[in-house]
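Biologist: I would like to know what stands behind the terms used for a model like this. Please show it to me first.

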Amino acid sequence: MKKFFRLLTIAMTFTLLLAGCSTTSSNAAKKSSTENTATVTYTLKQNNKQFAKKTVTVKKTATVLTGLEKAWTVKQSKGFVTAIDGKSQNPVKKTYWLYTVNGKSATKGVTQTKVANKDKIVFSLTPTK
């Protein structure tokens with residue numbers, strides 16, 4: 001009888017130990033997953049009027065283009081966006097897709113600019129001078 005209780009105690013201790021470890025490891029996996037992603041909000045405007053807005057989750061190493069392509073159909077050339085969801089720029093009318101990151105004009109193309117968590121990116125199709 002003593003052997004039975006000893007085995008039962010060992011089995012319960014082992015079970016509790018495993019259960020405790022599995023919860024910790026799943027929380028660590030969730031935290032690790034969250035630490036490797038960024039939530040970015042994209043807004044599309046034409047003639048200063050917003051016509052679309054989406055929030056996407058991307059890897060922290062992602063570029064502006066990565067999130068944009070996750071939300072819409074995009075055409076680009078040499079790091080510059082030429083069309084988003086069928087709305088194309090028009091070089092003859094000097095209308096181009098330009099973008100800002102957190103209110104500041106971009107200084108690099110969409111394939112070179114990295115995103116960060118909670119970035120707000122606005123693409124505007126407007127005439128330039």
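The talk below goes through the sheets, the rings and the core.

Modeller: Before we begin, this is a predicted model, where local features need pLDDT of at least 70, side-chain atom pairs count only at pLDDT 80 or more, and totals for chains, interfaces and linings use all residues. Residues are numbered from 1 along each chain as its sequence is written, and side-chain values use heavy atoms, leaving out hydrogens and water.

Biologist: How do you know that β6 and β7 pair?

Modeller: Two strands pair if DSSP finds at least two bridges between them. Strands themselves are DSSP runs of E, at least two residues long, and helices are runs of H or I of at least four; both are numbered from the N terminus. β6 and β7 have 2 bridges, in the antiparallel sense, so they meet the definition. Val-101 stands opposite Lys-104 in β7. The two strands form a hairpin with 2 residues between them, and Asn-102 there has a positive phi near 55°.

Biologist: What makes β2 and β7 edge strands?

Modeller: Each pairs on one side only. They belong to an open sheet of 5 strands in the order β2-β1-β8-β6-β7, with mixed pairing.

Biologist: How many bridges join β1 to β2?

Modeller: There are 10, and the strands run antiparallel. Tyr-42 stands opposite Lys-54 in β2. This is a hairpin too, with 2 residues between the strands, and Asn-47 in the turn has a positive phi of about 55°.

Biologist: Which strands make up the open sheet of 3?

Modeller: The order is β3-β4-β5, with antiparallel pairing. β3 (74–77) and β5 (87–88) are its edge strands. Helix α2 (residues 64–71) packs on this sheet and touches β3 and β4. Touching here is contact, meaning heavy atoms within 4.5 Å. The direction of α2 makes about 150° with that of β3. Such angles run from 0 to 180 degrees between N-to-C directions, with axes fitted to C-alpha atoms, for helices over the stretch in contact.

Biologist: Why is the pair of Tyr-99 and Phe-123 called stacked?

Modeller: Rings of Phe, Tyr and Trp (its six-membered ring) pair if their centres lie within 6.5 Å; planes under 30 degrees apart count as stacked, over 60 as edge-to-face and the rest as tilted. Here the centres are 5.0 Å apart and the planes at 20°, so the pair is stacked. Tyr-99 lies in β6 and Phe-123 in β8, so the pair ties together parts that are 24 residues apart in sequence.

Biologist: What makes Lys-87 sit over the ring of Phe-51?

Modeller: The rule asks for NZ of Lys or CZ of Arg within 6 Å of the ring centre and within 35 degrees of the ring normal. The charged end of Lys-87 is 4.7 Å from the centre of the Phe-51 ring, and it counts as sitting over that ring.

Biologist: Along β6, which side chains are buried?

Modeller: Buried means under 20% relative accessible area, exposed over 50%, and partly exposed in between (1.4 Å probe, protein chains only). Thr-95, Trp-97, Tyr-99 and Val-101 point to one face and are buried. Tyr-96, Leu-98 and Thr-100 point to the other and are not. In a regular strand the side chains alternate between the two faces of the sheet.

Biologist: What makes a nonpolar core, and which members touch the most others?

Modeller: A nonpolar core is a set of buried Ala, Val, Leu, Ile, Met, Phe, Trp, Tyr and Cys residues joined through side-chain atoms within 4.5 Å. The largest has 24 residues, of which Tyr-42, Leu-68, Ile-121 and Phe-123 touch the most other members. β1, β2, α2, β4, β6 and β8 each supply at least two residues.
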